[in-house]
Amino acid sequence: MADQQSIPVVEQPVNEPPQKKASRAGRNLPAAIGVGMALGFSLIAILLFVPLVWVPVVAAAVVVATLEVVRRLREGGFSIPLVPLLVGGQAMVWLTWPFGPAGALGAFGGTVVVCMIWRLVSGGLADAPQNYLRDMSTTVFVAAWVPLFASFGVLLIYPDDGAGRVFCLMLVVVGSDVGGYAAGVLFGKHPMAPAISPKKSWEGLAGSLVLGIATSVLAVGFLTDMPAWVGVPLGLMLVLTGTLGDLVESQVKRDLGIKDMGTLLPGHGGLMDRLDSVLPSAVATWIVLSLLA
């Protein structure tokens, strides 16, 4: 039997599916637009027809966002008391209904006290807890960042023009985001905070200011009982708080070595990745509209 000669095998090229290209802003743009539209239409329906449903919607969002943040912190080695944060977060939201701002602030104080004790005794009293100061400082930060800030968004719904006030918050944040995204993609050349968020530019901030303030003036004038000029300081404040809120979360994620807080929303990441600019802006909206009402 003749020796079999080895025949060189020629590998056929494999047709690999084309990879999706990310936009210059680092997003899966079609998915982000689809999710954003779904959330937007749901919000519009709630505020137009059942505005007080805004309260349980925010309460549910606080649970999800808190879970995302605590899970990421625990992956980073932090020991964060989850149960008192979740219970206290609900207290901050729901106590605004009968007690207003005092209910939210009282619940926040109570949550901090319970978390301090919870972390102190979590490992038993025989041994001193490790990294207590670091973990408690982070816990207080989370309690303020997520549920306390969100409770100011709930406070917006209670006045007679409450639905319009919530619309102002959401529309201006979206307007600022869209203006910043468009200007950054088209004209962005000068990074604003390259060590924290390399894709943010001064040109993008300018776009946020233009569209954010314009949206704010129109929203206040048509959706609330206040004069349109109130939209100027409101728009300026929300552009600043929204931009800085986004930078704060970017720095937190950079410290933890992660890209997103979660994967709940395709094209956006986790819910907290969408609330990073909304939460501090809710505080700013309540302050501006309460002082100028």
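Select Leu247 to start: setting aside neighbours within four places in sequence, Leu247 is in contact (heavy atoms within 4.5 Å) with Met192, Ala193, Ile196, Ser197 and Lys200. Leu247 sits in helix H9; helices (H or I, at least four residues) and strands (E, at least two) are DSSP runs, numbered from the N terminus. At a relative accessible area of 12%, Leu247 is buried, where buried means under 20%, exposed over 50% and partly exposed in between, with a 1.4 Å probe and protein chains only.

Before you click on, note that this is a predicted model, in which local features need pLDDT of at least 70 and side-chain atom pairs count only at pLDDT 80 or more, while totals for chains, interfaces and linings use all residues. Residues are numbered from 1 along each chain as its sequence is written, and side-chain values use heavy atoms, with hydrogens and water left out.

Now add Ser277. Leu247 and Ser277 are 30 residues apart in sequence but 8.7 Å apart in space, C-alpha to C-alpha. Ser277 belongs to the loop between helix H10 (271-275) and helix H11 (278-292). Buried or exposed? Ser277 is buried, at a relative accessible area of 15%. Beyond its neighbours within four places in sequence, Ser277 is in contact with Val173 and Gly242.

Step back into helix H10 and pick Met272. Met272 is buried, with a relative accessible area of 0%. Show Thr66 too: Met272 and Thr66 are 206 residues apart in sequence, yet their C-alpha atoms are 8.2 Å apart in space. Not counting residues up to four places away in sequence, Met272 touches Ala65, Glu68, Val69, Trp145, Val146, Glu249, Met261 and Leu279.

Keep Val69, Trp145 and Met261 on screen, as they are among the residues that line the second largest pocket. To complete the lining, add Leu73, Phe78, Thr138, Phe141, Val142, Gln251, Val252, Asp255 and Leu256. A pocket here is found on a 1 Å grid over the protein atoms alone: whereas a cavity is a set of points where a 1.4 Å probe fits but cannot get out, a pocket is an open set with protein on both sides within 12 Å along at least five of seven lines, and lining residues have an atom within 4 Å of a point. The space in this second largest pocket is about 180 Å³, with grid points joined across faces, edges and corners and the volume taken as the space filled by probe spheres set on the points.

Colour by helix and you'll see that H2 (54-75), H6 (132-155) and H9 (231-256) each supply at least two lining residues. Colour by domain next: the second largest pocket lies between domain 1 (51-158) and domain 2 (160-292), because both give residues to its lining. Those bounds come from an automatic or database domain assignment.

Just ahead of H6, select Asn131, in the loop between helix H5 (101-121) and H6. Its phi is near 55°, a positive value in a residue other than glycine. Most residues other than glycine have a negative phi. Asn131 is partly exposed, at a relative accessible area of 45%.

Finally, show the whole chain. How many helices and strands does the protein chain have? There are 11 helices and two strands, in the order α-α-α-α-α-α-α-β-β-α-α-α-α along the sequence. Buried residues make up 44% of the 293 residues.
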